[in-house]
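Visitor: I have never looked at this protein before. Could you walk me through it and tell me how each description is earned?

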Amino acid sequence: ADKAGLENENAALQAKNAQLAEDVKTAENNAGLKEVGPASFFFEIGQTELSKKELKHLDFYMQNVLPYVKNGKATVVTGTADSNTGYAKRNEYLSKKRAEYMINLLQKKGIATENIVVKNAVVKAANGQAAFDRAVVVSFE
């Protein structure tokens with residue numbers, strides 16, 4: 001009876017160890033996401049497509065981030081436009097189109113549509129740097 005009890009305890013401990021090993025892998029993946037963090041991809045004024053330079057930036061980002069996007073992590077795409085230039089309606093249009101454009105690029109790179117959360121914003125330029133607000137920010141939850 002003691003031997004059977006010890007065997008049951010041993011089996012339970014082995015199952016717990018397997019679960020802890022899986023938890024460590026998940027934590028390592030999440031730590032990698034936090035290290036990579038969000039990325040901003042910048043657009044020229046009035047544009048809704050990335051320049052060749054920014055497309056290269058996206059390729060690099062996806063090669064280093066895509067392996068960490070698993071376990072149903074949501075990809076958050078925030079399209080922005082600055083409020084310092086143009087009309088409000090046009091800026092809203094730009095922020096939306098930039099986000100849609102990025103979603104299409106991400107889908108082509110293997111991120112499932114159901115995992116993408118879209119946000120749009122027209123933002124007031126901080127420190128007079130409107131060019132930094134003509135962007136799409138990609139992050140993970």
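Guide: Here is a short tour of this predicted model, taken one description at a time.

Visitor: What elements are there in the protein, and how do they run from the N terminus on?

Guide: The protein has three helices and four strands. Starting at the N terminus, their order is α-β-α-β-α-β-β.

Visitor: What makes the four strands a sheet, and what is the order of the strands in it?

Guide: Two strands pair if there are at least two bridges between them. Strand 1 and strand 4 have four bridges in the antiparallel sense, with Ala 39 opposite Val 138. Strand 2 and strand 4 are antiparallel too, over five bridges, and one of the partner pairs is Gly 79 with Val 136. Strand 2 (residues 75–82) and strand 3 (residues 116–123) are joined by eight bridges in the parallel sense; Val 77 faces Val 118 there, and Ala 81 faces Val 122. The result is an open sheet in the order 1-4-2-3, with mixed pairing.

Visitor: Why are strand 1 and strand 3 called edge strands?

Guide: Each of them pairs on one side only. Neighbouring strands of the sheet are turned against each other by 20 degrees on average, with direction ignored.

Visitor: Which elements make the right-handed β-α-β unit?

Guide: Strand 2, helix 3 and strand 3 make that unit.

Visitor: Why is strand 2 described as largely enclosed by the rest of the structure?

Guide: Buried means under 20% relative accessible area. Eight of the eight residues of strand 2 meet that cut-off, so the strand is largely enclosed by the rest of the structure. Thr 75, Val 77, Gly 79 and Ala 81 point one way, while Val 76, Thr 78, Thr 80 and Asp 82 point the other way, and all are buried. In the protein, buried residues make up 32% of the 141 residues.

Visitor: How do you know that the length of helix 2 agrees with its number of residues?

Guide: Helix 2 has 14 residues, and at 1.5 Å a residue they should span 20 Å. Its end C-alpha atoms are 20 Å apart, so the two values agree.

Visitor: Which residues of helix 2 are buried, and why do we say that they line one face?

Guide: The buried ones are Glu 54, Leu 58, Tyr 61, Met 62 and Val 65. Seen down the axis of helix 2, they fall within an arc of 95 degrees, so they line one face of the helix. An α-helix has 3.6 residues a turn, so residues three or four places apart point the same way. Exposed means over 50% relative accessible area, and on the other side of helix 2 that word fits Lys 52, Lys 53, Lys 56, Phe 60 and Gln 63.

Visitor: What makes up the largest nonpolar core?

Guide: That core has 20 residues, and those with the most contacts inside it are Phe 41, Tyr 61, Val 77, Met 102, Leu 106 and Val 138. Strand 1 (39–42), helix 2 (52–65), helix 3 (88–108) and strand 4 (135–140) each supply at least two of its residues. Helix 3 gives the largest share, six residues. In soluble globular proteins, nonpolar side chains tend to be buried together.

Note on methods:
Residues numbered from 1 in each chain as written. Predicted model: local features only at pLDDT ≥ 70, side-chain atom pairs only at ≥ 80, totals over all residues. Heavy atoms only, no water. Core = buried A, V, L, I, M, F, W, Y, C linked by side-chain atoms within 4.5 Å. Buried < 20%, exposed > 50% of the residue type's maximum accessible area, 1.4 Å probe, protein only. Right-handed = clockwise from strand over helix to strand, strands pointing away. Expected span 1.5 Å × (residues − 1). Arc of directions from axis to C-beta. Axes fitted to C-alpha atoms, helices over the stretch in contact; angles between N-to-C directions.
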